[in-house]
Amino acid sequence: MVVKCEQVWHEISNYLEGEVDPTLRTAMDEHFRTCQRCSSVLEGTRNVIRLYGDERMMEVPSGFGRRLERRLAQNVRLTGGGWSVWSTWLVPVAALVLIAGGLRVANSLTAGPELKSEHAQPGQGVPPDMLVVVTSDAKLFHAAGCDFIHNKQTERTLTAKEAMRQGYVPCLRCMREYLHTAAKGHSALGAQAAAHIDTEDGNPHGGGE
Amino acid sequence: MVLNNPVVRNPAQDAATTREQDLIARVQRGQNELFYELVKPYERRVYAAAFAILRNETDAEDVAQEAVLKAFANIRQFRAEARFSTWLIQITVNEALMRRRRERTVVMEGIDDRRDEESDYAPRDFADWREIPSEALERKEVRQKLAAALASLDRKYREVFVLRDMEQLNIQETADALGISVASVKTRLLRARLMLRDLLAAGWEQGWFSRLPFEKGNKPW
């Protein structure tokens with residue numbers, strides 16, 4: 001089989017890819033041995049492929065890798081990635097936080113607060129089923145008939161337990177009896193605080209409710 | 001010289017492949033922080049593929065980053081029968097092609113392309129040849145000249161050439177990545193290689209490689 005230059009040029013890329021049949025390959029090999037022009041084309045093409053195939057031909061902008069790494073890291077964080085590494089210390093830390101929080105709650109339930117004043121009295125001493133009176137835009141609950149009830153036209157009656165659940169606190173005047181009892185149960189300061197009510201700041205309503 | 005991606009194994013390659021397979025498996029199991037280590041050897045190739053299609057540094061970098069993020073998001077779908085580098089480059093090409101379609105650039109280029117493919121390309125320079133040593137690429141000037149020659153090719157030739165001869169995808173993978181037939185890849189590849197050869201031969205005349213140790217009177221091809 002004899003091939004012409006034009007046919008060689010047409011097949012030279014396939015020849016370099018190893019994609020010509022053996023007969024044609026043999027014929028092209030023979031042609032290259034005798035044709036200086038075609039061997040020039042062959043070797044020039046090989047040079048092209050070898051030079052461009054070198055990784056040095058793939059230049060990237062300065063800082064490209066750094067920016068890519070940073071963006072990837074941001075994405076990994078946003079998608080919750082890197083969990084396996086974080087978990088090595090995050091889980092024990094979370095466990096410690098839970099334990100510490102649990103201990104604090106347990107402590108608060110057993111020891112009770114160190115009350116400094118009846119103003120801080122949450123009203124545990126008030127019988128929960130006792131009927132009390134609250135009014136709109138006020139913060140205190142009162143015994144019926146208390147002189148310190150403001151805005152009486154909006155009065156409504158409910159249990160002390162429900163009043164406290166709704167965020168009301170006991171009036172220091174009409175509920176003093178229960179507060180003294182409760183304060184004594186928590187702290188000796190309760191009695192002292194009660195004794196100071198009239199002399200220090202007797203009006204629990206301050207500037208009014 | 002046969003370019004059919006021959007699988008010529010050596011211990012270093014085997015070690016690198018094993019290391020890569022190990023990294024892939026670990027990332028697929030959730031060690032996401034290892035993904036950059038997996039991608040790093042190919043980051044230049046990812047950028048080059050995007051740049052070959054978009055011809056704009058900013059767009060190429062953006063698309064390269066998007067492609068890597070997409071690969072990360074889909075790493076669990078990667079199957080070991082494919083090469084990771086090929087999979088990554090194909091994602092990059094796809095992202096770049098989508099970006100170009102969105103921006104509707106060089107729409108008219110395709111009209112003349114068909115005519116070019118129908119005619120054979122005849123080499124123009126037949127001077128004596130000699131192998132160009134790869135050390136030539138140490139010179140920035142040489143790299144710039146080669147890059148300029150590549151940039152001067154029509155888009156369809158440039159893309160096929162970059163994917164096959166620079167990114168080392170095989171013919172079928174190149175066809176798949178660009179959404180063209182294998183026959184078109186072969187035709188375009190032939191023309192791209194021969195045109196670049198002629199362009200570089202002209203560069204020789206202009207002294208691109210004048211400081212290289214060639215014998216007097218011989219061109220490198």
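**Stop 1: B:Phe78**

Select B:Phe78 and you land in the loop that links α4 (57-73) and α5 (84-103) of chain B. Keep in mind on this tour that you are looking at a predicted model. Is B:Phe78 buried, exposed or partly exposed? It counts as partly exposed because 16 other C-beta atoms lie within 10 Å, and a residue needs 20 or more to be called buried.

Now show what it touches. Setting aside neighbours within four places in sequence, B:Phe78 is in contact with B:Ile24, B:Phe84 and B:Trp87. Add B:Gln28 to your selection too: B:Phe78 and B:Gln28 are 50 residues apart in sequence, yet their C-alpha atoms are 8.8 Å apart in space.

**Stop 2: all of chain B**

Zoom out and colour chain B by secondary structure. How many helices and strands are there in chain B? You should find 10 helices and 0 strands. Walk along the sequence and the pattern reads α-α-α-α-α-α-α-α-α-α.

Chain B has 221 residues, and 39% of them are buried. Look at its contacts between residues at least 6 apart in sequence: 69% of these join residues at least 24 apart.

**Stop 3: a pair of helices in chain B**

Select residues 155-166 of chain B, which form helix α8, and residues 171-178, which form helix α9. Their axes are 9 Å apart and the helices pack at an angle of about 135°. With that angle, α8(B) and α9(B) are therefore oblique to each other. The crossing is a right-handed one.

Which residues make this contact? On α8(B), show B:Glu159, B:Val160, B:Leu163 and B:Arg164; on α9(B), show B:Ile171, B:Thr174, B:Ala177 and B:Leu178. Sorted by type, the residues of this contact are 5 nonpolar, 1 polar and 2 charged.

**Stop 4: the nonpolar cores**

A bit of background helps here. In soluble globular proteins, nonpolar side chains tend to be buried together.

Select B:Val46, B:Ala49, B:Ala50 and B:Val68. These are the residues with the most contacts inside the largest nonpolar core, which has 71 residues. Centre the view on B:Val68 and look for its partners in both chains: leaving out residues up to four places away in sequence, B:Val68 touches A:Leu68, A:Leu72, B:Val39 and B:Val46. Another core lies apart from the largest one; it has 16 residues, including A:Val132, A:Ile149, A:Ala163 and A:Tyr168.

**Stop 5: where the chains meet**

Show both chains together. The contact takes 42 residues from chain A and 49 residues from chain B. On the chain A side, the elements giving two or more residues are α1, α3 (36-52), α4 (64-78) and α5 (83-111). Which of chain A's elements gives the most? That is α3(A), with 12 residues. The chain A side as a whole divides into 17 nonpolar, 14 polar and 11 charged residues.

**Stop 6: helix α1 of chain A and its partners**

Hide chain B and select helix α1 (residues 5-17) and helix α2 (residues 22-34) of chain A. The two axes come within 11 Å and cross at roughly 115°. That makes α1(A) roughly perpendicular to α2(A). Here the crossing is left-handed. At the meeting point, A:Val8, A:Glu11 and A:Tyr15 of α1(A) face A:Leu24, A:Arg25, A:Met28 and A:His31 of α2(A) as contact partners. By type, this contact has 4 nonpolar, 1 polar and 2 charged residues.

Next, swap α2(A) for α3(A). Now the axes are 10 Å apart and the angle is about 30°. α1(A) and α3(A) are therefore roughly parallel to each other. This crossing is right-handed. To see the contact, show A:Cys5, A:Val8, A:Trp9, A:Ile12 and A:Leu16 on α1(A), then A:Arg37, A:Cys38, A:Val41, A:Leu42, A:Thr45, A:Arg46 and A:Ile49 on α3(A). The tally for this contact is 9 nonpolar, 1 polar and 2 charged residues.

**Last stop: A:Phe148**

Finish with A:Phe148, in the loop between strands β2 (140-141) and β3 (156-159) of chain A. A:Phe148 is partly exposed, with 16 other C-beta atoms within 10 Å. Select A:Cys171 as well: the two residues are 23 apart along the chain, and 8.2 Å separates their C-alpha atoms.

How values were computed:
Residues numbered from 1 in each chain as written. Chains lettered and ligands numbered in written order. Predicted model: local features only at pLDDT ≥ 70, side-chain atom pairs only at ≥ 80, totals over all residues. Axes fitted to C-alpha atoms, helices over the stretch in contact; angles between N-to-C directions. Helix = DSSP H or I, 4+ residues; strand = E, 2+ residues; numbered from the N terminus. Parallel < 35°, antiparallel > 145°, perpendicular 65-115°, else oblique. Left-handed = near helix turned anticlockwise from the far one by under 90°. Contact = placed C-beta atoms within 7 Å. Nonpolar A, V, L, I, M, F, W, Y, C, P; charged D, E, K, R; others polar. Buried ≥ 20, exposed ≤ 12 C-beta atoms within 10 Å, placed from the backbone. Core = buried A, V, L, I, M, F, W, Y, C linked by C-beta atoms within 7 Å.
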